[in-house]
Amino acid sequence: MKFLIIISILSLFVVGFGEAQVLQISRFGGKPNTDITKAFISAWTQACASTTAVKIVIPAGTYNMGVIDLKGPCKAPIEIKVDGTIKAPANPDLLKNAYQWIKFGYLNALTISGRGIFDGQGAVAWTQNDCHKNTKCKMHTMNFGFNFLNNSVIRDITTKDSKNFHVNVLGCNNFTFDGFKIRAPDESPNTDGIHIGRSFDVKILNSDIQTGDDCVSLGDGSKKVTVQNVNCGPGHGISVGSLGKYQNEQPVSGLLVKNCTMKNTDNGVRIKTWPNTPGQITITDMHFEDIVMINVRNPIIIDQEYCPWNQCSKQNPSKIKISKVSFKNIRGTSATKEGVTLLCSKGVPCEQLEMSNIDLKFNGAAATARCHNVKPIVKGRAPICVV
């Protein structure tokens with residue numbers, strides 16, 4: 001009997017020791033309907049100094065918050081659980097040209113979770129966006145920046161109406177979005193959902209992205225990226241690129257897009273590179289499979305003459321080499337007759353490109369395919385390329 005009591009006490013001790021210390025934001029003066037910038041930074045400072053795991057809790061309610069830049073390294077895992085709505089200033093000038101509204105850097109084992117909403121209040125900034133006609137346009141503030149994070153998870157939260165991109169992931173390893181939600185109207189400019197650059201092993205799972213630009217985009221140096229069980233739309237689809245505009249870009253490799261649905265998007269799955277530019281890298285090992293298209297303008301597209309708003313020259317072909325690409329089990333409806341566009345570079349034609357079981361309809365008939373500088377390997381059903 002005494003032995004069982006001792007075991008029970010030890011078990012309770014072990015369980016209690018393993019639980020994270022909880023820091024309520026109210027403990028630092030963070031109350032609903034107030035500005036919690038200082039309270040959040042104070043809670044973070046204490047959490048980062050802790051030698052045991054810490055959970056910062058922001059309960060239900062509406063809060064205001066200015067720019068925060070939270071850096072490590074920290075001594076133990078940190079979870080930020082948000083169940084309230086946190087609002088950025090609606091006036092872009094109040095963010096003082098910050099690149100990102102909420103920025104995390106140089107951390108290991110960060111978790112952000114909860115039913116919370118991070119509202120960038122981007123409507124005013126969108127009216128000021130003139131990037132469609134001004135190559136030197138002002139870039140407004142993104143909602144989130146995750147820079148040089150390892151072994152971290154963003155789960156269930158919502159990012160809403162960012163003034164610019166919703167999320168930028170840079171230099172991260174083993175970074176996961178699960179049950180993540182992005183909300184912005186179709187007409188909101190440059191509100192890319194998740195942009196990834198120079199990161200390894202990024203996973204976007206079970207998520208729903210509605211925005212005015214790319215739902216997911218891969219910048220240079222992205223390697224081993226998985227996008228699975230994601231709904232995209234409205235938006236511009238899931239894109240690799242654009243790439244090739246700048247010198248010293250890094251290769252992109254190892255993308256899997258699987259079990260996704262694109263609904264009312266401008267593009268479905270896309271690879272885009274700039275012509276007539278200095279970039280000279282490779283894009284390889286790209287796989288798109290088990291995807292449903294619903295009224296998508298360009299369901300499958302490789303565009304190596306990407307030149308938005310005609311702000312560039314097409315005098316010289318793209319120098320980006322694309323190889324080992326597969327499109328498998330893609331079905332649904334195209335909003336245009338041309339459901340597949342493979343416009344590869346005449347300077348470095350695409351190689352080892354496979355199309356398998358592609359079933360796209362336009363007004364009830366089979367959609368067509370146009371191919372330049374590529375001879376796809378066709379397996380099973382797929383539209384015949386017109387050159």
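The exercises below, each with a worked solution, concern salt bridges, cysteines, a nonpolar core and two individual residues in a predicted model.

**Exercise 1. Salt bridges between separate parts of the chain**

Determine which elements are joined by the salt bridges Asp-93 to Lys-138, Arg-198 to Asp-220 and Asp-214 to Arg-270, and state whether each partner is buried, partly exposed or exposed.

Solution. Begin with the whole structure, in which a search finds 18 salt bridges.

Step 1. The side chains of Asp-93 and Lys-138 meet with an N to O distance of 3.8 Å, which falls within the 4 Å cut-off for a salt bridge. Asp-93 belongs to the loop between strand 6 (85-87) and strand 7 (100-108), and Lys-138 to the loop between helix 3 (123-127) and strand 10 (142-155), so this pair ties together parts that are 45 residues apart in sequence. Asp-93 is exposed at 52% relative accessible area, while Lys-138, at 43%, is partly exposed.

Step 2. For Arg-198 and Asp-220, the closest N and O atoms are 2.8 Å apart. This pair links distant parts of the chain, with Arg-198 in the loop between strand 15 (194-197) and strand 16 (200-205) and Asp-220 in the loop between strand 18 (216-218) and strand 19 (223-228), 22 residues apart. Arg-198 is partly exposed, its relative accessibility being 36%, whereas Asp-220 is buried at 16%.

Step 3. Asp-214 and Arg-270 form a salt bridge with an N to O distance of 3.0 Å. Here the linked parts are the loop between strand 17 (208-210) and strand 18, which holds Asp-214, and strand 23 (residues 267-273), which holds Arg-270, the two residues being 56 residues apart. Asp-214 is buried with a relative accessible area of 1%, and Arg-270 is buried as well, at 9%.

Step 4. Beyond these pairs, a network of salt bridges links Lys-81, Asp-83 and Arg-115.

**Exercise 2. The surroundings of the annotated residue**

Find where His-236 lies and which residues it touches beyond four places away in sequence.

Solution. Step 1. An unreviewed UniProt entry carries the annotation "active site" for His-236.

Step 2. His-236 is placed in the loop between strand 20 (231-232) and strand 21 (238-243).

Step 3. Leaving aside residues up to four places away in sequence, His-236 touches Gly-212, Asp-213, Asp-214, Asp-266, Asn-267 and Arg-270. Asp-214 and Arg-270 are themselves joined by a salt bridge.

**Exercise 3. Bonded and unbonded cysteines**

Work out the pairing order of the bonded cysteines, and explain why Cys-172 and Cys-260 are not bonded to the closest cysteine.

Solution. Step 1. The structure holds 6 disulfides, and, with the bonded cysteines numbered in sequence order, the pairing runs 1-2, 3-4, 5-6, 7-8, 9-10, 11-12.

Step 2. One of these disulfides joins Cys-131 to Cys-137 at an S to S distance of 2.0 Å, and with 95 degrees about the S-S bond this link is right-handed. Cys-131 is buried at 7% relative accessibility, as is Cys-137 at 15%.

Step 3. The sulfur atoms of Cys-371 and Cys-385 are 1.8 Å apart, and the torsion about their S-S bond is about -45 degrees, so this disulfide is left-handed. The pair links strand 30, where Cys-371 lies, with strand 32 (residues 385-386), where Cys-385 lies, 14 residues apart.

Step 4. The sulfur of Cys-172 is 14 Å from that of Cys-74, the closest cysteine sulfur, which is too far for a bond; likewise, the sulfur of Cys-260 is 8.5 Å from the closest one, in Cys-232, and this too is too far. Cys-172 is buried at 0% relative accessibility, and Cys-260 is buried at 1%.

**Exercise 4. Core and strand contacts**

Identify the residues that touch the most other members of the largest nonpolar core, and describe the contacts of Arg-370.

Solution. Step 1. The largest nonpolar core has 90 residues, of which Phe-104, Phe-146, Phe-177, Phe-288 and Phe-327 touch the most other members. The contacts of Phe-177 include Phe-146, Ile-154, Val-167 and Ile-194.

Step 2. Arg-370 lies in strand 30 (residues 368-372) and is partly exposed, with a relative accessible area of 31%.

Step 3. Among the residues that Arg-370 touches are Glu-338, Leu-342 and Val-386. A polar contact of 3.1 Å joins the side chains of Arg-370 and Glu-338, while Arg-370 and Leu-342, 28 residues apart in sequence, are 6.1 Å apart from C-alpha to C-alpha.

Technical notes: Residues numbered from 1 in each chain as written. Predicted model: local features only at pLDDT ≥ 70, side-chain atom pairs only at ≥ 80, totals over all residues. Heavy atoms only, no water. Helix = DSSP H or I, 4+ residues; strand = E, 2+ residues; numbered from the N terminus. Buried < 20%, exposed > 50% of the residue type's maximum accessible area, 1.4 Å probe, protein only. Core = buried A, V, L, I, M, F, W, Y, C linked by side-chain atoms within 4.5 Å. Contact = heavy atoms within 4.5 Å. Polar contact = N/O pair within 3.5 Å; in protein donor to acceptor, adjacent residues only side chain to side chain. UniProt positions renumbered as here; feature names shortened; annotations may be inferred. Disulfide = S-S within 2.5 Å.
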